[in-house]
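This report goes through selected features of one protein model. It begins with a residue of the nonpolar core and then turns to sheets, hairpins and a loop.

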Amino acid sequence: MPGKPFTLDFADLGGGLNEGAADSIADREASALQNLYPVGRTSLWQREGRDSIASAYAETINAIARYNPAFTPEEYTIIGAAASVARLVGDAIVPLSVADGHIYPTLDARWWFRQYNDELFAARKGNGGVKRIYGDSIMESGITAPSLMPQIIDGGSGQKTAGEYWLGYTFFNSVTGAESNLSPISLPTTLADGHQIAASSIGISPSLQVNARRIYVTLPNDQGAYYLVGQINDNVTTTFTENALPPDDYGAAYDASNGLPPPQAHALETGKERLYVTDGKGIYWSETARFQGFKATSYYPVSRDDGYEVVGLKWWEDHGLVVLKQNLAMLLRGSTPSDWEVVQLSGEHGSPAGQSAVVADGVLYYYTGTNFVRSGGSSVEIIPNIDNVRPTLDSIPDANKGDVQGEVLPQRKWVVWTVQTDAGRVLLIFDYGAGVWATITAAPYTIKRLIKSDQSEVLLASWYGENVLAEFLTGSTDDGAAIPCLWRSKAFSSGRQGVAHIVRRVSLLTPKLAGQITVRVINEIDGTYIASRTVSLNSYGWKRIGIPNAGQPGYLQQIELYYSGTVQLKLDQVQVEGVELPRRVGRIL
């Protein structure tokens, strides 16, 4: 007696990945989804490819930045590597010149980069203080104050008011406005009325960014403040004649706010015209619009010796500075540090990975070491369907949890994280528009969003061990090689519990393309393949595929589709047809 036929329609394939029990997920979800992602809420697209744009570098690439200084029409691609910082020049990655001669240690820690005006600032844990990139060179940020005390005497006829004067000077960069703190103050000199000051022993800075010195002088008989009265427009001359009429010709008062950045910089961020830096214990901030100038008092202790480090900073527009510690997340609200309101976003959801923090459509996302979470500003919540990727999350080794790096692709409404798992590196995709997950296997180690000249959105990326630089999620091949992808359905029955069935036909709705697809039937009980067939996709409309070995029955089965081709696959629908077996059928193996 023939069995009763049944049909199962997977008309909606937009549910993303669900790695939970295959017999309990929704019809629209996939129990395995590799290198495919939902689009249009009902279909699946094979992921785009990669196009290498630079030959391999000699070191591991752990960070990528775009640097767009106004002095050139060219936008630079800056590379943070294990023991250097480099720049993409043509199709080669070339190390930047280290202007101050420092040798950087070889480290696994990722670089942090942030641009302000024509300067790019960099930091990473274990590499000392903040670095400053200007053009093709890199050096320590900040200008050390002069150590040489100037000498002053009465310089003869001039216009200054009679009295006792003191003088100091600073090192200055007239291009960027960076300035040091004041030199040691001269001994006083007394001028007759209508005379001027002759200064000598004005020091020369060893910093290659210094191209001038600024001169500061007191009012007569008043050592309380120093005022800008002149500038030496080189870093060579050691004398200066000072003849400013006090107070009419005096400029701004010196305010001792040009101290050096902290000696250790683990991470940095910009916001409200300031540079924020953490040494793992607290937060330092620069003066407004002076990213190399730090007051000694501009410090907020965060860790308070609780044993947990600050691992990252993220500026969150309309909210403030997010401070991620290993055990909690904080938000420093306010327009300036002087009126900061310290808010604990979460005492439960800290983070081991500072570079996992991203902001998409005003929402903050980051990795906690166990989950990915999000916040709209008042509290932090675990992304609701996080258990759909629980096996992937649980397979991230403890040693790699601090290395999770995130990025946002707003045109796609994606937040993506590159994570190392026991099975290899995965790009974990959360489609925040549809609320679904997908994965890309053999994923890059380092990622950075790039908008190309045609306004398309890709990732600049590098793969661990290869150390090449590529545009990722573009084209339909991986440097000419086919891209493998896989979809696996839920575990399904015929619709009646306890009734075995066989699959006779699988139909696929795809566009016509030059390629082949393999259809497999899986016995969900033991995961064995019980049928397989490879067919051409070179026809329009539905591809109706008869399944061989259809005599092998099962209570729960899955359909798996495998495609590897150089033309991008779009999968719109899957339909399964089969037959129930009479109840007299015995034990199913």
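W487 touches F10, L13, A30, A32, L33, L36, L44, I559, E560, L561 and V574, not counting residues up to four places away in sequence; contact here means heavy atoms within 4.5 Å. The model is predicted, so local features need pLDDT of at least 70 and side-chain atom pairs count only at pLDDT 80 or more, while totals for chains, interfaces and linings use all residues. Residues are numbered from 1 along each chain as its sequence is written, and side-chain values use heavy atoms, with hydrogens and water left out.

**Cores.** The largest nonpolar core has 68 residues, and F372, W487 and I559 touch the most other members. Another core, of 19 residues, lies apart from it and has A178, I202, I232 and Y250 among its members. A nonpolar core is a set of buried Ala, Val, Leu, Ile, Met, Phe, Trp, Tyr and Cys residues joined through side-chain atoms within 4.5 Å. Buried means under 20% relative accessible area, exposed over 50%, and partly exposed in between, with a 1.4 Å probe and protein chains only.

**Sheets.** Strands (E, at least two residues) and helices (H or I, at least four) are DSSP runs numbered from the N terminus, and two strands pair if DSSP finds at least two bridges between them. One open sheet of 4 strands follows the order β1-β49-β43-β46 with antiparallel pairing. Its edge strands, each pairing on one side only, are β1 (5-10) and β46 (542-546). Neighbouring strands of this sheet are turned by 20° against each other on average, direction ignored; the axes are lines fitted to C-alpha atoms, for helices over the stretch in contact, and angles run from 0 to 180 degrees between N-to-C directions. Within β49, V579 is the bridge partner of P5.

An open sheet of 5 strands has mixed pairing and the order β10-β14-β13-β12-β11. At its edges are β10 (97-98) and β11 (112-116), each paired on one side only.

The table lists antiparallel strand pairs.

| Strand pair | Residues | Bridges |
|---|---|---|
| β1 and β49 | β49: 573-580 | 6 bridges |
| β35 and β36 | β35: 405-409 | 5 bridges |
| β36 and β37 | β37: 424-431 | 8 bridges |
| β13 and β14 | β13: 131-134; β14: 137-140 | 4 bridges |
| β23 and β24 | β24: 274-278 | 5 bridges |

In the β13 and β14 pair, Y134 has S137 as its bridge partner.

**Hairpins.** Strand β36 (residues 414-421) is mostly covered, with 7 of its 8 residues buried. On the β35 side, G406 stands opposite W417 of β36. The hairpin of β35 and β36 has 4 residues between the strands, and K413 takes a positive phi near 60° there. With β37, β36 forms a hairpin that has 2 residues between the strands, and V419 stands opposite V426 in β37.

Strand β23 (residues 267-271) has 4 of its 5 residues buried, so it is largely enclosed by the rest of the structure. L268 has V277 in β24 as its bridge partner. The hairpin of β23 and β24 has 2 residues between the strands, and K272 takes a positive phi near 55°.

**A loop residue.** A482 is in the loop between β41 (469-472) and β42 (483-488). Its relative accessibility is 33%, so A482 counts as partly exposed. Leaving aside neighbours within four places in sequence, A482 is in contact with S564, G565 and T566. A482 and G565 are 83 residues apart along the chain, yet their C-alpha atoms are separated by 4.6 Å.
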